[in-house]
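Hi,

Here's the structure I promised to send over. Have a look at it first, and my notes on what turned up are underneath.

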There are 2 protein chains.
Amino acid sequence: MTVTLADVAARAQVSPATVSRVLNGNYPVAAATRERVLRAVDELDYVPNGPASSLAAATSDLVGILVNDIADPFFGIMAGAAQGAIGAPGAGRAGGEKLAVVCNTGGDPERELTYLTLLQRQRAAAVILTGGSLEDPEHLAAVSAKLARLTEAGTRVVLCGRPPLEGVSAATLAFDNRTGAQRLTEYLLSLGHRRIGYVAGPENRTTTRHRLEGHRAALAAAGVAEGPTVHGRYDRPSGYEVTSELLSRAPDLTAVVAANDTVALGVCAALRDRGLSIPGDVSVAGFDDLPFSVDAVPALTTVRLPLHEAGARAGRIALGAEEPPAGEPSTIPAELVVRGSTAPPKG
Amino acid sequence: MTVTLADVAARAQVSPATVSRVLNGNYPVAAATRERVLRAVDELDYVPNGPASSLAAATSDLVGILVNDIADPFFGIMAGAAQGAIGAPGAGRAGGEKLAVVCNTGGDPERELTYLTLLQRQRAAAVILTGGSLEDPEHLAAVSAKLARLTEAGTRVVLCGRPPLEGVSAATLAFDNRTGAQRLTEYLLSLGHRRIGYVAGPENRTTTRHRLEGHRAALAAAGVAEGPTVHGRYDRPSGYEVTSELLSRAPDLTAVVAANDTVALGVCAALRDRGLSIPGDVSVAGFDDLPFSVDAVPALTTVRLPLHEAGARAGRIALGAEEPPAGEPSTIPAELVVRGSTAPPKG
DNA sequence: TTGAAAGCGTTACCAA
DNA sequence: TTGGTAACGCTTTCAA
């Protein structure tokens with residue numbers, strides 16, 4: 001039925017062991033023999049049986065990339081970069097390529113665990129967890145336990161965009177959300193804004209908390225009272241919805257900071273629908289510097305996270321092609337990007 | 001080291017065969033025995049070895065979803081819906097879940113083939129190819145051959161958003177890009193536009209060709225001469241860049257149709273940068289009805305493709321939970337969505 | 001440099 | 001309803 005390694009061996013008049021060695025390129029084989037084997041592989045259109053080799057070698061070529069929302073370019077950019085880094089160099093166990101796969105958790109803790117189990121079952125070579133994480137202690141414990149099992153079994157674990165995990169020895173690339181958020185609010189304050197609303201992400205998420213902390217730190221340092229803060233999901237409809245609450249609680253807002261650019265989009269749409277001009281009546285600031293959003297709100301002031309670089313680096317670490325950050329988890333800076341859309345308050 | 005099925009069997013005082021049957025739930029087992037086995041599984045924290053079972057069963061729980069650009073919500077929405085449909089019902093070979101994985105080809109034909117080979121090697125249960133396809137005969141032949149091998153080996157193949165392939169028996173869900181594009185241009189014509197520019201996608205892509213054909217059909221039916229047409233990539237920077245060429249070739253344009261919403265975003269940005277107002281000076285129309293873009297160009301007129309529904313359906317078909325469209329590949333309608341941003345030409 | 005053969009952990013068939 | 005036991009296709013010592 002399907003062509004096996006034995007078929008190739010027979011055709012090339014060598015032993016299966018030799019074929020395996022040629023294919024894996026990790027063992028000396030005479031040039032002539034290699035030639036013969038490769039020809040046989042070609043002629044028979046042989047494709048190795050992944051499960052079989054994974055079973056024998058006790059590891060697979062699979063690299064899992066977990067994302068919270070695959071429809072959000074924030075994750076798409078990171079995942080794409082990681083996948084690019086993994087697919088490119090071609091370093092499967094056998095010089096064959098790795099299979100970088102993206103798994104969409106939808107931000108659901110259960111699905112996150114399910115995917116980790118699935119990946120564990122597949123004996124994945126590496127797992128990359130991207131984006132902020134839930135802060136529920138129970139869930140964190142479960143994830144930590146799972147990751148510990150994975151690393152134990154030889155799976156490399158990389159945290160990209162979330163803080164390190166208690167008791168898990170994983171390479172960590174954490175964004176400096178806190179400082180970024182602080183800079184953003186400082187900038188608004190420097191323009192003269194004093195009544196600033198804040199649309200936060202879901203409660204219990206690291207990104208939500210860190211960004212909010214940065215925002216509050218800036219306000220505190222300037223001695224400015226915190227404006228209304230509302231929580232919502234990290235998507236556009238949510239930004240749209242919660243804006244009404246924000247305005248009802250403080251109709252005199254001069255600026256709104258959104259948890260991220262996607263949410264900022266919704267905020268802007270809601271403001272426009274109420275006849276408020278941006279930045280004439282209200283200035284809006286975002287976070288992440290997503291290309292999509294920057295178009296939506298011409299020249300949105302936001303914070304740039306190096307999503308592409310972080311993803312690519314995570315990919316290389318997962319591959320073992322780059323040393324993981326030693327000791328302290330490396331913190332990736334968040335850079336304030338000022339564009340024209342943010343103006344001083346009216347009057 | 002790691003817990004195996006034999007360990008569970010020993011602990012539960014049954015044979016390995018029985019444990020397998022309990023886990024796969026596809027064979028009668030006495031309730032008491034099942035109970036005992038499940039407890040052992042739990043106590044030992046046993047996770048089945050995927051590669052081993054894939055080898056023995058000659059099929060895996062992997063479902064591959066190929067996308068052209070993972071950072072583009074067009075694909076994100078489809079992939080997310082497919083993944084949701086696949087993850088949800090829990091119908092691995094064993095009542096265990098399937099692992100739906102997204103593979104990013106970047107629109108590169110070679111990577112597309114590489115991923116197909118990788119999935120073939122993994123003995124994937126199903127493969128979903130999303131979005132338009134390259135029309136290069138050589139590449140098409142290679143893909144067809146690959147898909148033929150896959151179906152032969154029992155992998156289900158679903159084409160979602162691209163036309164059927166010669167000689168490949170795959171379930172096909174094709175968007176009616178042609179009619180959608182035609183409606184869109186008809187609408188502009190009905191408003192009185194006569195000088196309409198067109199920003200097409202990359203040459204040799206099915207979506208590019210079909211949408212352009214629809215556009216031309218509308219013009220021909222109305223007896224209106226075709227305006228300038230330029231080709232670019234399916235992304236925002238490309239839309240931005242080619243707009244200058246469009247304007248230099250026809251400074252008197254009153255409307256621009258973009259190959260999709262993402263491109264329309266770039267077009268709008270370029271027009272704004274030249275001081276042209278939308279839709280005051282130039283009306284812009286898109287395609288795909290992406291949430292992101294609709295915000296960017298308040299009330300962009302566009303064509304809605306049921307991305308979510310299509311993706312979910314593709315997922316169910318891949319699972320075998322839904323019958324694939326019989327006989328003729330089912331064509332999914334594209335619906336014109338008129339919003340306020342498109343106006344009659346000035347004067 | 002090559003070959004022989006013993007696993008790797010499940011599944012599934014055949015008996016019991 | 002359960003157990004015994006060949007496969008499944010590859011990797012990897014150990015010898016030659």
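Before the first list of residues, one term: a cavity here is a set of grid points where a 1.4 Å probe fits but cannot get out, and a residue counts as lining if it has an atom within 4 Å of a point. Also keep in mind that this is a predicted model.

**Cavities**

Searching the whole structure turns up two cavities of 30 Å³ or more. The largest holds about 60 Å³ of space. What lines it? From chain A there are G50(A), P51(A), S54(A), S60(A), L62(A) and Q122(A), and from chain B there are P51(B), S54(B), S60(B) and Q122(B). Helix α4 (50–57) of chain A and α4 (50–57) of chain B each put at least two residues into that lining, with α4(A) giving the most, three residues. By class, the lining has seven polar residues, three nonpolar and no charged ones.

The second largest cavity comes in at about 40 Å³. Its lining is made up of A181(A), L184(A), T185(A), Y198(A), R211(A), H215(A), V257(A), A258(A), A259(A) and F287(A). At least two residues each come from α8 (177–191), α9 (206–222) and β8 (255–258) of chain A, and α8(A) has the largest share with three residues. Here the split is seven nonpolar, two polar and one charged.

**Where the chains meet**

How much area do chain A and chain B bury between them? About 4,600 Å², with 62% of it on carbon and sulfur atoms. In terms of contacts, 53 residues of chain A touch 52 residues of chain B.

On the polar side, there are two salt bridges between chain A and chain B. One of them pairs R149(A) with D45(B), where the closest N and O atoms are 3.0 Å apart. Eleven residue pairs are in polar contact across the interface, counting those with both residues at pLDDT 80 or more. On chain A, the elements that give two or more residues to the side touching chain B are α4, α5 (73–87), β2 (99–104), α6 (109–121), α7 (137–152), α11 (261–273) and α12 (291–296). The most comes from α6(A), with eight residues. That side of chain A has 26 nonpolar, 14 polar and 13 charged residues.

D45 is worth a look in chain A too. D45(A) sits in the loop between α3 (31–44) and α4 of chain A, and its phi is near 55 degrees, a positive value in a residue other than glycine.

**The largest pocket**

If you want an open site to look at, the largest pocket has a volume of about 940 Å³. It is lined by 39 residues, and D69(A), D72(A), Y234(A), D235(A) and R236(A) are the ones nearest its centre. Both chains take part: two or more lining residues each come from α5, α9, α10 (236–249) and α11 of chain A, and from α5 (73–87) and α12 (291–296) of chain B. Which element gives the most? That is α5(B), with five residues. The lining as a whole has 15 nonpolar, twelve polar and twelve charged residues.

Helix α5 of chain B is also where I77(B) is found. Setting aside neighbours within four places in sequence, I77(B) contacts A71(A) from the other chain, plus L290(B), P291(B), L307(B) and H308(B). The C-alpha atoms of I77(B) and L307(B) are separated by 6.3 Å, though the two residues are 230 apart along the chain.

**A few other things**

Over all chains, the salt bridge count comes to 30. One to pull up is E135(A) with R209(A), with the closest N and O atoms 2.7 Å apart. E135(A) is in the loop between β3 (126–130) and α7 of chain A while R209(A) is in helix α9, so this pair ties together parts that are 74 residues apart in sequence.

Lastly, the cis peptide bonds. In chain A, the bond from I278(A) to P279(A) is cis, with omega near 5 degrees, and P279(A) lies in the loop between α11 and β9 (283–285). In chain B, the bond from I278(B) to P279(B) is cis as well, with omega near 0 degrees, and P279(B) is in the loop between α11 (261–273) and β9 (283–285) of that chain.

Cheers

Methods:
Residues are numbered from 1 along each chain as its sequence is written. Chains are lettered from A and ligands numbered from 1 in the order in which they are written. This is a predicted model: local features need pLDDT of at least 70, side-chain atom pairs count only at pLDDT 80 or more; totals for chains, interfaces and linings use all residues. Side-chain values use heavy atoms; hydrogens and water are left out. On a 1 Å grid over the protein atoms alone, a cavity is a set of points where a 1.4 Å probe fits but cannot get out, and a pocket is an open set with protein on both sides within 12 Å along at least five of seven lines; lining residues have an atom within 4 Å of a point. Grid points are joined across faces, edges and corners, and a volume is the space filled by probe spheres set on the points. Helices (H or I, at least four residues) and strands (E, at least two) are DSSP runs, numbered from the N terminus. Ala, Val, Leu, Ile, Met, Phe, Trp, Tyr, Cys and Pro count as nonpolar, Asp, Glu, Lys and Arg as charged, and the others, Gly among them, as polar. Contact means heavy atoms within 4.5 Å. Buried area is the accessible area (1.4 Å probe) that two parts lose on being put together, summed over both. A salt bridge is a side-chain nitrogen of Lys or Arg within 4 Å of a carboxyl oxygen of Asp or Glu. A polar contact is a pair of N or O atoms within 3.5 Å; within protein, one must be able to donate a hydrogen and the other to accept it, and residues adjacent in sequence count only if both atoms are side-chain atoms.
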